[in-house]
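Trainee: Please take me through this model slowly, and let me ask how each label is earned.

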Amino acid sequence: AMLFLFKIYLQRPTGRVLESNHPMVSSSSLFFFCAAAAAFSADAFSLGGIEGGRRLTSLQMLNEPKGCASKPFEKKKICVFGAGGYLGSTVFGFLQRAGALYGTGISGQSSPRAIAATSSSAEALNKVLGSAFKLAYAGEDLVRLIDTSDVDHIIERVKSYDAAVLGTVYQLEKRTVTLNTYEKSPNDRTYDFYLDEKYGAWENDVPSDDSEYHAQIFTNALQALVESGSMKHVVVVETPRTCDPMVFINILEEAGIPYTYLRIKGKLIKDISFSFDKGVKDSLAVSKFQPGFIYPIEAEVYENERPVYREDVAALVVQSLMSLDWSESRILEVASSPNPLNNFVPTKKQRTDRDWCFNSALLENSLNSETISPAQIKEFGISTQR
């Protein structure tokens, strides 16, 4: 519009008001029209299903984000408990990339924050970031060490954060408390906790997976998050070590904070050659359930289901924060889709630096698949096979 008006202005007869079939434009009013055209640019045009200069399909409008990506200018700060574990580290890496891009609604200022018990977690986290996220790094400003038995100590380290990622039963490792943190003596020992698992962790002399110690860590963390006053939503990953998931569902319900509970229906495996630019390997089949109750998954079910990649679960955690309404609670059962994707190897011409995770739109579609009616499925030719 600006170019059109400017062209008219240049073609006007000198010293005269424009004539012919064009609207009358005087030299004194040209600035007003140009300013109006600039304010009505394509990037700002979003009426009637049009956004960014293009018309959205009905399916795209159905997939409009309801999470933090719905208001990308309101950057949300996220913390990850157990970030020293491989799954926790990968979630952290995706959050760090998302925080560097506009449109995700995730902050890159003092966020994400890794929550752990000892400096061992920070070392493990940076090993994953350096190899899988092209030399990304989490400095001391992005890591906080907590005494898991002290709620007040946890509160001080999660203040001003909007959402958190937690696990149910963590892998534990007995470590010496890092100096100048919360030790009471130089030889104090504690249990560091890892979301999923940490390569080479020494698991001797630690509480068993069915110990009440895990429920106590979870309870203290949730209490601190609620009492921090800023927490709006938590994403909980049910780890393979979880013996009784209802213990953690009950704790979540009593805490009263909206949550997304992810349970993986299948064995978790790792892509040993993973890097963020390869993106997701599986679009995943996601089933939604009402919050408040969950049934145990029998051991033989895990054996019969296709395995699920840890990296895809980590990406799904981040996508759920961007796509799903934070004011609601839900339970998501995640399984491998029947048609996994081929490995993506980017070429020099294909840019992936503008994506927090390549192919993440597939996960967005999986999270929103329950909202698509049968008529729309038929219209867009979407397969209903799971």
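Trainee: What follows helix α7, and what is the sign of its phi?
Mentor: Gly-229 follows α7, and its phi is positive, near 85 degrees. As for the word helix, a helix here is a DSSP run of H or I with at least four residues, a strand is a run of E with at least two, and both are numbered from the N terminus. Keep in mind that this is a predicted model, in which local features need pLDDT of at least 70 and side-chain atom pairs count only at pLDDT 80 or more, while totals for chains, interfaces and linings use all residues. Residues are numbered from 1 along each chain as its sequence is written, and side-chain values use heavy atoms, with hydrogens and water left out.

Trainee: How do you know that the length of α7 agrees with what is expected of a helix?
Mentor: The expected span is 1.5 Å times one less than the number of residues. For the 16 residues of α7 (residues 212-227) that gives 22 Å, and the end C-alpha atoms are 22 Å apart, so the two agree. Helix α5 (residues 119-132) passes a similar check, since its 14 residues reach 20 Å from first C-alpha to last, close to the 20 Å expected.

Trainee: What caps the N-terminal end of α7?
Mentor: Ser-211 does, with a side-chain oxygen 3.1 Å from the backbone nitrogen of Tyr-213. A polar contact is a pair of N or O atoms within 3.5 Å (within protein, one must be able to donate a hydrogen and the other to accept it, and residues adjacent in sequence count only if both atoms are side-chain atoms).

Trainee: Which residues of α7 are buried, and what covers them?
Mentor: Buried means under 20% relative accessible area, exposed means over 50%, and partly exposed lies in between (1.4 Å probe, protein chains only). In α7 the buried residues include His-214, Ile-217, Phe-218 and Leu-225. Among the elements that cover the buried residues of α7 are β3 (78-81), α6 (151-158) and α8 (245-255), where contact means heavy atoms within 4.5 Å.

Trainee: Why does Glu-74 count as partly exposed, and what does Lys-76 count as?
Mentor: Glu-74 has 33% relative accessibility, which lies between the two cut-offs, and therefore it is partly exposed. Lys-76, at 16%, falls under 20% and therefore counts as buried.

Trainee: What makes the pair Glu-74 and Lys-76 a salt bridge?
Mentor: A salt bridge is a side-chain nitrogen of Lys or Arg within 4 Å of a carboxyl oxygen of Asp or Glu. The distance between the side chains of Glu-74 and Lys-76 is 3.9 Å, N to O, so the pair qualifies. A search of the whole structure finds 17 salt bridges.

Trainee: Which parts does the salt bridge between Arg-310 and Glu-197 tie together?
Mentor: The closest N and O atoms of Arg-310 and Glu-197 are 3.7 Å apart, which again meets the cut-off. Arg-310 lies in helix α10 and Glu-197 in the loop between β8 (189-194) and α7, so the pair ties together parts that are 113 residues apart in sequence. At 8% relative accessibility Arg-310 is buried, whereas Glu-197, at 36%, is partly exposed.

Trainee: How do you know that Glu-311 has no salt bridge?
Mentor: The nearest side chain of opposite charge, Lys-270, is 6.4 Å away, beyond the 4 Å limit, so no salt bridge is counted for the buried Glu-311. For this purpose Lys and Arg count as positive and Asp and Glu as negative, while His and the chain ends are not counted. Glu-311 is found in helix α10 (residues 310-323), and among the residues that it touches are Tyr-86, Phe-94 and Lys-270.

Trainee: What sets Ser-110 and Leu-284 apart as regards phi?
Mentor: Most residues other than glycine have a negative phi. Ser-110, however, has a positive phi of about 55 degrees, and that of Leu-284 is positive too, near 65 degrees. Ser-110 is in the loop between α4 (86-99) and β4 (113-116), and its 37% relative accessibility makes it partly exposed. Leu-284 sits in the loop between β11 (268-269) and β12 (285-289), and at 3% counts as buried.

Trainee: Why is the peptide bond from Ser-111 to Pro-112 worth naming?
Mentor: Most peptide bonds are trans. The bond from Ser-111 to Pro-112 is cis, with omega near 0 degrees.

Methods
Lists of a residue's contacts leave out its neighbours within four places in sequence.
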